[in-house]
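Dear colleague,

Please find below the structure that I am handing over to you. My findings follow after it.

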Amino acid sequence: MIRRIQFKGLKPRYAAYTIAGFWTFAVVVFGVIERLADPTTFTSVWLGFWWSIQTVTTVGYGDVVPGQTSGKVMASVLMIGGLSLLAVVTAVITSAFVERRRAEIQKSGDDPVMQQLEQIVAQLDQVKKDLARLER
């Protein structure tokens, strides 16, 4: 699978599934850990899940806040992870749109970069011919 990703790339859909799966797992784990670490604030595992979902999505209603330092450290990890999650998902989606448009342009033959490169190659060929003629 790693070789396939290296050669063909990771499709945006699969990247999104991977990210969503990872963060779903993280929400469950952090919710359970928070319940175990601070049972007075988090009276149930479901409240821990609610808190971790709020935190990873960077919503943070403030209705439940960790009282212990360990909970605040976990919240920090979730907040940073939530921000990176949004950044990665946005980048993957944008990259997919850009790549699709680039492929459309390349197929149509209207790629201005390729046209300019072809002009440069033609000019270089002409310079080579002129230099060869001058050397004789």
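**A nonpolar surface patch**

On the surface, a nonpolar patch is formed by Val113, Met114, Leu117, Ile120 and Leu124, which together have about 440 Å² of accessible area. Please bear in mind that this is a predicted model. One of the patch residues, Met114, belongs to helix α5, which spans residues 112-135. Met114 counts as partly exposed because its relative accessibility is 36%, and the partly exposed class lies between under 20% for buried and over 50% for exposed.

**Aromatic pairs**

How many aromatic pairs does the structure hold? There are three aromatic pairs, and two of them are described here. A pair of aromatic rings is described by the distance of the centres and the angle of the planes.

Phe22 and Trp23 make up an edge-to-face pair, with 5.1 Å centre to centre and 80 degrees between the planes. Is Phe22 buried or partly exposed? Phe22 has a relative accessible area of 48%, so this residue is partly exposed. Trp23, in contrast, counts as buried because its relative accessibility is 14%.

Phe42 and Trp51 also form an edge-to-face pair; here the centres are 5.5 Å apart and the angle between the planes is 65 degrees. Phe42 is buried, because its relative accessible area is 0%. Trp51 has a relative accessibility of 3% and therefore counts as buried too.

Yours sincerely

Note on methods:
Residues are numbered from 1 along each chain as its sequence is written. This is a predicted model: local features need pLDDT of at least 70, side-chain atom pairs count only at pLDDT 80 or more; totals for chains, interfaces and linings use all residues. Side-chain values use heavy atoms; hydrogens and water are left out. Patches are made of residues with over 30% relative accessible area and no salt bridge: like charges are joined within 9 Å, nonpolar side chains (Val, Leu, Ile, Met, Phe, Trp, Tyr) within 5 Å. Accessible areas come from the Shrake-Rupley method with a 1.4 Å probe; for residues, only the protein chains shown count as cover. A salt bridge is a side-chain nitrogen of Lys or Arg within 4 Å of a carboxyl oxygen of Asp or Glu. Helices (H or I, at least four residues) and strands (E, at least two) are DSSP runs, numbered from the N terminus. Buried means under 20% relative accessible area, exposed over 50%, partly exposed in between (1.4 Å probe, protein chains only). Rings of Phe, Tyr and Trp (its six-membered ring) pair if their centres lie within 6.5 Å; planes under 30 degrees apart count as stacked, over 60 as edge-to-face and the rest as tilted.
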